[in-house]
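Subject: Structure handover

Hello,

Here is the structure for you to open on your side. Please have it in view while you read the notes.

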Amino acid sequence: MRPTASAKVLVTSLSPDAVNHNAAIRAYLRDGFAEVLDAGAVRDSPLELAEEAIAGFRPSLVVGLGSVAVEAAPLRSLARSARRAGARLAFWLHDDPYEFDYALRAEALADHLFTNDRWALPHYRHPSVSHLPLAACRRTHLRPVRPMAERTLDLFFCGAAFPNRIALLERAQPSLSGHRVEVFGTGWPASLAFAENTRLSAAAMADRTSAARLVLAVGRDLDIANRRYRLPASTPGPRVFEAALAGTPQLCFTAGLEILDYLDEGREILLFDDVQEIAEAIARSHREPAAFLAMAERARARVLDAHTYRHRAETILAAMAA
């Protein structure tokens with residue numbers, strides 16, 4: 001299929017919304033397709049209603065987004081519905097490599113697979129598979145770049161309390177005393193004085209991000225089903241792109257260097273591998289506010305130019321047309 005006005009796309013999830021903590025990405029991708037195609041040519045649907053939506057909408061492309069780890073999810077029925085409608089079916093799997101052992105389930109059903117993780121890519125056996133990182137949503141994450149003097153936080157982080165994140169912040173806590181630090185999410189221990197076990201909406205997270213002099217980027221290190229190859233994650237998660245759209249300088253933990261394919265170190269982001277560097281970066285942001293503001297502006301421009309869901313929608317359409 002080709003990305004023309006005649007193309008029709010249905011975006012759905014690959015797990016039921018009741019257990020899907022990333023259901024909002026479905027709307028982000030829908031908006032991305034709507035920027036490329038006519039708005040009336042794009043719809044989204046939860047998995048529970050996808051078969052009915054396919055039958056009524058008759059899309060030429062169905063994009064299933066998310067995780068295939070939920071065994072009760074009706075993915076075979078989704079594939080049959082797409083075939084009956086004459087639509088091609090793509091799965092965009094966004095929990096690689098942490099759930100890579102479920103890859104066989106996806107390979108058996110989709111015409112094309114997109115994986116969020118570059119290192120997972122060569123381990124698929126499907127004949128048609130591409131690497132596609134997650135991205136940021138203009139409507140949800142874009143914020144003005146605020147002057148540094150107006151920012152009420154020194155450091156902000158939002159995310160689930162995976163063991164590697166807890167360990168890093170516990171090591172950093174003594175050097176962060178006296179700084180304005182906020183950490184939101186779930187599962188944070190009481191030992192972290194600046195952490196609050198509260199979920200933020202995507203919009204609230206972007207607001208808090210834009211109010212910080214620095215946002216911390218620390219990836220996840222918790223496998224759910226990754227025993228087959230024990231793949232390490234290589235591609236940065238979407239928060240890196242989302243924080244850039246919110247207009248805040250980022251301090252990214254160096255788990256790998258693929259991040260430098262998306263943002264330039266020193267110009268658009270800062271990297272660190274020792275917790276003492278966090279307090280040092282905060283101090284630098286106070287000494288050099290203009291430099292940090294310029295870094296945020298460059299990162300924001302880079303993401304607007306290459307890493308929104310419109311760009312990902314264009315990539316999907318091009319791959320499905322090949």
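Below are notes on salt bridges and then on a cavity.

Please keep in mind that this is a predicted model.

**Salt bridges**

The whole structure holds 16 salt bridges. One group deserves a look on screen. Asp17, Arg26, Arg30, Asp31, Asp44 and Arg139 are linked in a network of salt bridges.

Start with Asp44 and Arg26. Their side chains form a salt bridge, with an N to O distance of 3.3 Å. Asp44 sits in strand β2, residues 42–45, and Arg26 sits in helix α1, residues 24–36, so this pair ties together parts that are 18 residues apart in sequence. Is Arg26 buried or exposed? Arg26 is buried, at 8% relative accessible area. Asp44 is partly exposed, at 26%.

Now go to Asp31. Which arginines does Asp31 pair with? One is Arg30, where the closest N and O atoms are 3.0 Å apart. Another is Arg139, where the closest N and O atoms are 2.5 Å apart. Asp31 belongs to helix α1 and Arg139 to helix α5, residues 138–141, so their salt bridge ties together parts that are 108 residues apart in sequence.

Accessibility for these three is as follows:

- Asp31 counts as buried, because its relative accessibility is 17% and the cut-off for buried is under 20%.
- Arg30 is partly exposed, with a relative accessible area of 24%.
- Arg139 counts as exposed, because its relative accessibility is 54% and the cut-off for exposed is over 50%.

So the Asp31–Arg139 salt bridge joins a buried aspartate to an exposed arginine.

**Cavity**

How many cavities of 30 Å³ or more does a search of the whole structure find? The search finds 1. The space in the largest cavity is about 60 Å³.

To find this cavity on screen, select its lining residues. They are Gly66, Ser67, Val68, Leu93, Asp95, Asp96, Glu99, Phe100, Tyr102, Ala103 and Tyr124. By class, the lining has 6 nonpolar, 2 polar and 3 charged residues. The acidic residues Asp95, Asp96 and Glu99 are part of this lining, and they count as charged.

**Where to look**

For the salt-bridge network, show the side chains of Asp17, Arg26, Arg30, Asp31, Asp44 and Arg139. For the cavity, Leu93, Phe100 and Tyr124 are among the lining residues to display.

Best wishes

Technical notes:
Residues are numbered from 1 along each chain as its sequence is written. This is a predicted model: local features need pLDDT of at least 70, side-chain atom pairs count only at pLDDT 80 or more; totals for chains, interfaces and linings use all residues. Side-chain values use heavy atoms; hydrogens and water are left out. On a 1 Å grid over the protein atoms alone, a cavity is a set of points where a 1.4 Å probe fits but cannot get out, and a pocket is an open set with protein on both sides within 12 Å along at least five of seven lines; lining residues have an atom within 4 Å of a point. Grid points are joined across faces, edges and corners, and a volume is the space filled by probe spheres set on the points. A salt bridge is a side-chain nitrogen of Lys or Arg within 4 Å of a carboxyl oxygen of Asp or Glu. Helices (H or I, at least four residues) and strands (E, at least two) are DSSP runs, numbered from the N terminus. Buried means under 20% relative accessible area, exposed over 50%, partly exposed in between (1.4 Å probe, protein chains only).
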